[in-house]
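Q: Could you take a close look at one part of this model, the place where a charged side chain is set into the packing between helices, and describe what surrounds it?

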Amino acid sequence: MKLTSVITLAMFLNFSGMILLSCQTTKEKEEDAKENVQDAKHELADVKEDIKSDSVKAVQVEEWKIFRNDSEARIRSNDIRIAALKKKMEKPGNKLDAKYPETIMVLEKKNKELTERMDAYEKNQSDWEEFKREYNHDMEELGAALKDFRVNNKK
């Protein structure tokens, strides 16, 4: 019986100690709760930032696809215009400027460079907005040059 009393007393002291050690003051509980709230706010902000970043990336991917398809169509259209200009050059009896073939070659080279820039950007994406602005500017210049070229040589 003596052994069971000692074991019972040891268990009682053990549980009493655990209860006393686990008790916190109201102030400590409040501080822990504030820390938990702060941690939760930080985690929420991180999650919101991740979601925003993921949605921006998804929009950029979709915008890239649309931009690429549009650009490829414009490049094909330029190729058709250039081919028509070359065909016009081959027709007998046309009085064309001596620089006509050289100018066609320059326009063809610019169109090919635009295709290469598109491929290079796809492999090594950098500042999207800057690329898009510069690419569209160059594409519009080429389109205007092709349009003006045909007008100037219809004399």
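A: **A charged side chain and its surroundings**

Arg-68 has a relative accessible area of 16%, and because the limit for a buried residue is under 20%, Arg-68 counts as buried. The model in which this residue is viewed is a predicted one, and the positions described below should be read with that in mind.

The side chain of Arg-68 forms a salt bridge with that of Glu-122, with a distance of 3.4 Å from N to O. Since Arg-68 belongs to helix H2 and Glu-122 to helix H3, this pair ties together parts of the chain that are 54 residues apart in sequence. The acidic partner is in another setting: Glu-122 is partly exposed, at 38% relative accessibility.

A further contact of this kind is found between Glu-108 and Lys-86, whose side chains meet in a salt bridge of 2.8 Å, N to O. Here too distant parts of the chain are linked, with Glu-108 in helix H3 and Lys-86 in helix H2, 22 residues apart. Glu-108 is partly exposed, with a relative accessible area of 32%, and Lys-86 is partly exposed as well, at 28%.

Returning to the starting residue, Arg-68 belongs to a network in which salt bridges with shared partners join it to Glu-72, Asp-119 and Glu-122. Within this network, Glu-72 is a residue of helix H2 and is partly exposed, its relative accessible area being 28%. The C-alpha atom of Glu-72 is 7.7 Å from that of Thr-115, although the two residues are 43 apart along the chain.

Helix H3, which supplies Glu-122 to the pair with Arg-68, deserves a description of its own. Helix H3 covers residues 100–123, and at 1.5 Å a residue its 24 residues should span 34 Å, which agrees with the 35 Å that separates its end C-alpha atoms. The buried residues of H3 are Tyr-100, Ile-104, Leu-107, Asn-111, Leu-114, Met-118 and Tyr-121. When reading such a list, it helps to recall that an α-helix has 3.6 residues a turn, so residues three or four places apart point the same way. Leu-114, one of the buried residues of H3, has its C-alpha atom 7.9 Å from that of Asp-138, and these two residues are 24 apart along the chain. Asp-138 has its place in helix H4 and is partly exposed, with a relative accessible area of 25%.

Helix H4 also takes part in a charged contact with helix H2, where the side chains of Lys-132 and Glu-63 meet in a salt bridge of 2.6 Å, N to O. This pair links distant parts of the chain, as Lys-132 is in helix H4 (residues 128–152) and Glu-63 is in helix H2, 69 residues apart. Lys-132 counts as buried at 18% relative accessibility, whereas Glu-63, at 27%, counts as partly exposed. In total, the count of salt bridges comes to eight.

For the wider frame, the protein chain has four helices and zero strands, and its elements run α-α-α-α from the N terminus on. Buried residues make up 16% of the 155 residues in the protein chain, and Arg-68 is one of those that count as buried.

Helix H2 spans residues 26–90, and besides holding Arg-68 it holds Glu-35, which belongs to another charged feature of the model. Glu-35 gathers with Glu-28, Glu-31, Asp-32, Asp-39, Glu-43, Asp-46, Glu-49 and Asp-50 in a patch of negative charge on the surface. Glu-35 is itself partly exposed, with a relative accessible area of 48%, whereas Arg-68 is buried at 16%.

How values were computed:
Residues are numbered from 1 along each chain as its sequence is written. This is a predicted model: local features need pLDDT of at least 70, side-chain atom pairs count only at pLDDT 80 or more; totals for chains, interfaces and linings use all residues. Side-chain values use heavy atoms; hydrogens and water are left out. Patches are made of residues with over 30% relative accessible area and no salt bridge: like charges are joined within 9 Å, nonpolar side chains (Val, Leu, Ile, Met, Phe, Trp, Tyr) within 5 Å. Accessible areas come from the Shrake-Rupley method with a 1.4 Å probe; for residues, only the protein chains shown count as cover. A salt bridge is a side-chain nitrogen of Lys or Arg within 4 Å of a carboxyl oxygen of Asp or Glu. Lys and Arg count as positive and Asp and Glu as negative; His and the chain ends are not counted. The place of a charge is taken as NZ of Lys, CZ of Arg, CG of Asp or CD of Glu. Helices (H or I, at least four residues) and strands (E, at least two) are DSSP runs, numbered from the N terminus. Buried means under 20% relative accessible area, exposed over 50%, partly exposed in between (1.4 Å probe, protein chains only). The expected span of a helix is 1.5 Å times one less than its number of residues.
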